Amino acid sequence: RMFHDDELEESEKFYVGQPRVLLLIYALYNTLVARSEMVCYFVIILNHMISASMITLVLPILIFLWAMLSVPRPSKRFWMTAIVYTEVAIVIKYFFQFGFFPWNKHVDYTKDKPYHPPNIIGIEKKEGYVHYDLVQLLALFFHRSILKCHGLWDEDEKGDSSSNKEDTDDELSLTGGRRDSSASLKSVNLAASVESIHVHFPEQQTAIRRKSSSSISQLSHRLSEQTLDVFKNMNHTTLSLYFLQCKLCAVKSRCGLCCFRTLQVYVPIRQFFYNLIHPDYSAVTDVYVLMFLADTVDFIIIVFGFWAFGKHSAAADITSSLSEDQVPEAFLVMVLIQFGTMVVDRALYLKKTVMGKVIFQVILVFGIHFWMFFILPGVTERKFSQNTVAQLWYFVKCVYFGLSAYQIRCGYPTRVLGNFLTKSYNYVNLFLFQGFRLVPFLTELRAVMDWVWTDTTLSLSSWICVEDIYAHIFILKCWRESEKRYPQPRGQKKKKVVKYGMGGMIIVLLICIVWFPLLFMSLIKSVAGITNKPLDVSITITLGGYQPIFTMSAQQNQLKSLDPNEFNEFLRSYRGNTAALQFLEGYAREDITRADLEGNSNSLWTISPPSRKKMIQGLLDFDADFTVKKYETFDFSLFSRTLEEVYPYYIKAPSDSLAKPIKQLLRGMSPGYGKQISLVKNGSEEGAREWWVLNQLEKRQKTPQESLELFIFSDKVSPPSLGFLAGYGIMGLYASVVLVIGKFVREFFSGISHSIMFEELPNVDRILKLCTDIFLVRETGELELEEDLYAKLIFLYRSPETMIKWTREKT
């Protein structure tokens, strides 16, 4: 060894010999120390999610537009700003907790109002008002101590003092690396007089810096447009000298002082973003995939939690809303905005424009924060801190902002080649890529967007042709690699695990598809069905086509369920009746409802005298058939005003049709039991008012007064979430589901012979390399070579003989 120390070796042995739990704690602590700035970011964002006020809004915006964009790390000025701001926020919140403020006298009434001014500002009185601020301050001081331990806290001041000692730009350029984009102007000591100071601006060397040189004269009282343009071509030292002269001139002019203060704020911000867009050195990276995944997660949150972004829709269900052909406005707006941002992000990624990404980042950060914390609470009528789904969406969006800032800071990659799922040739990438291609319109949309925002000489059809060939060759490459990893010896039959595993799974899948409608319709009501109890039972009896003679309805407490004893007695009464027992097998006790209706009609009998005479003549003819409407046609005889075979004692209430009597139960009853009703006409003393009274004979529940008893058998209904499928019925499911799936399955099993020359390719490396070469020359701007390689690819697929030569196994 070149270096040996006994104490270090003893320390290392002691560390290795510790328990695993303690080693895990050490590792977690080291991770915390290494990423202490991320801990600060997380605590600041968490504090803002819970508080959701204007006081806590400032630091998250500064994180995404200052700290995360600083190179190589946030400066001391940012951390001091965050610490001082947090301390001031704690003092302000503490000051406004006293009860003598008017808004603190009705806290219970105003605490849930989103637009109450103290709630918006963040000075409302509440318990634990400062807990998260103290945790945030603790995290900031922890990060400050870590920076001081590593000597990074005063790094900016040392860099500034050393740069001020340099006299030429050659020495400035040799200080190395990229300028700290967070550098700011220092204060200037005005000890000298105005007349004794003269400022000279050294020339810039374009071979070392990207900025062009220029010289500036004294600052006049009125700043012209040429003076503002000069700021674009200045480095930090030149701007410091320039502002010294500005401040000296400002002593003589009040207007100049205002201009100087404005420029003192504007120029550092402008210089910060200018250095960000035009860096000296760039460590390019590609985190577009992670940004796309974050946007996809946000998209899923919107789809399954859209009710959190609308008004009076907390109990809404997207499945039931879509099944009723209703598209909620909040859902539509959020989906379109999210999808639009994903399209813009893809366009910026393909164009590789950092300036556009910076502008998009600024607009998105301000727009999202303004909408989430000022517009959304008014739409939903509840505070952001009470909206869990919106908090989750915002947290994922913050992850996106962090990735986007990292992409801006490092710069876009110079070459974008293929899909990120096609970087490896294994089963995971294969199945993920095939799943990606199965998403409706996703492949087509990606191909068209890539063609629009990529410089190419190919037409849209040629572009799609190359993409399709590349996707097909990638899939073949994955299968060939799997065959190499798991080779099959010649002359050996397939193993039973493969045959029964893959073949058995396909058999079970096909059987399930064929019998899916029958199984679905059978199980949806028997297993997942919901009892559909009646809420209103109405009866209307009409003789022939005359005026109704009896109308009555039952609601609420007149509708009763059977208790277990009554249900068992009901079943025993049909012992020996096979047809009745078979019908009762499909109903449970909770599916049967007994309706008790009053015998007196709730409407007067207002028949005209001619119709009354005609009706009496018809009833006197005992051989005539009368139709009792609403149920069925029966032959009955009128004897002592008793009607037989008229009243439907048992009614079946299907879920999709009108109620009808149950013949199986009526036929099994004893003669006259429950099927006879007495019909009596009643009237007032004046004879001008008449109504009918019905009394059912041989009822199960013996009642002294005139009444009717009716049993309703309610069919179970499907759950609301599956109602859109159950509504098709068995034949509808066969026509819309099974036949469509069968068409795709048939295409897989037939027509294989026509694609053998494109499927059975032993070695696809050459074709895959040709496609990759097309992508490469396109990114490098060799568009003529792109046309030549595309013509070569098309010729290859047109010539079977050349295809055979290109796809032979390498010897």
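## A tour from helix to sheet to surface

Start by selecting Arg446 and Asp450: the two form a salt bridge, with their closest N and O atoms 3.8 Å apart. (A salt bridge here is a side-chain nitrogen of Lys or Arg within 4 Å of a carboxyl oxygen of Asp or Glu.) Before you go on, note that this is a predicted model, where local features need pLDDT of at least 70, side-chain atom pairs count only at pLDDT 80 or more, and totals for chains, interfaces and linings use all residues. Residues are numbered from 1 along each chain as its sequence is written, and side-chain values use heavy atoms, with hydrogens and water left out.

Back to the pair. Both residues sit in helix α20, 4 residues apart, or about one turn of the helix. (Helices, H or I with at least four residues, and strands, E with at least two, are DSSP runs numbered from the N terminus.) Arg446 is buried at 17% relative accessibility, and Asp450 is buried as well, at 5%. (Buried means under 20% relative accessible area, exposed over 50%, and partly exposed in between, using a 1.4 Å probe and protein chains only.)

Now step back along the chain to Phe441, in the loop between α19 (427-438) and α20 (442-452). Its phi is near 70 degrees, a positive value in a residue other than glycine. Phe441 is exposed, with a relative accessible area of 67%.

**On to the sheet**

Select β3, β4, β12, β8 and β9. These 5 strands make an open sheet in the order β3-β4-β12-β8-β9, with mixed pairing. β3 (559-561) and β9 are the edge strands, each with a single partner, so one side of each has no neighbour in the sheet. (Two strands pair if DSSP finds at least two bridges between them.) As background, strands of a sheet pair through backbone hydrogen bonds, either parallel or antiparallel.

Begin at the β3 edge. β3 and β4 run antiparallel and are joined by 3 bridges. Pick Lys560, and you'll find that its bridge partner in β4 is Arg594.

Next, jump to β8 (residues 650-653), which pairs with β12 (residues 707-714) in the parallel sense over 4 bridges. Tyr650 is a handy marker here, standing opposite Phe711 in β12. β8 also runs antiparallel to β9 (residues 660-661), with 2 bridges between them. For that pairing, pick Ile651, which stands opposite Pro661.

**Charges on the strands**

Which residues are linked in a network of salt bridges? Select Lys560, Glu566, Arg594, Asp596 and Glu709. Within this group, Asp596 and Lys560 meet side chain to side chain in a salt bridge (3.9 Å, N to O). Asp596 lies in β4 and Lys560 in β3, so the pair ties together parts that are 36 residues apart in sequence. Asp596 is partly exposed at 24% relative accessible area, and Lys560 is partly exposed at 38%.

Then zoom in on Arg594, which is in β4 (residues 592-598). Is Arg594 buried or exposed? Arg594 counts as buried, at 6% relative accessibility. Its side chain makes a polar contact of 3.5 Å with that of Glu566. (A polar contact is a pair of N or O atoms within 3.5 Å; within protein, one must be able to donate a hydrogen and the other to accept it, and residues adjacent in sequence count only if both atoms are side-chain atoms.)

For another charged pair, go to Arg778 and Glu786, whose salt bridge has its closest N and O atoms 2.9 Å apart. Both of these residues are buried. Across the whole structure, a search finds 22 salt bridges.

**Out to the surface**

Switch on the surface and select Ile507, Ile511, Val514, Trp515, Leu518 and Leu519, which form a nonpolar patch with about 570 Å² of accessible area together. (Patches are made of residues with over 30% relative accessible area and no salt bridge; like charges are joined within 9 Å, and nonpolar side chains (Val, Leu, Ile, Met, Phe, Trp, Tyr) within 5 Å. Accessible areas come from the Shrake-Rupley method with a 1.4 Å probe; for residues, only the protein chains shown count as cover.) Two elements, α22 (496-514) and α23 (516-526), give two or more residues to the patch. The largest share, 3 residues, comes from α22. Leu519 belongs to α23 and is partly exposed at 47% relative accessible area.

**Last stops: two loops**

Go to Ala52, in the loop between α3 (36-51) and α4. Ala52 has a positive phi of about 55 degrees although it isn't a glycine, and it counts as buried at 15% relative accessibility. Finish at Pro72, in the loop between α4 (54-67) and α5 (76-95). Look at the peptide bond from Val71 to Pro72: it is cis, with omega near 0 degrees.
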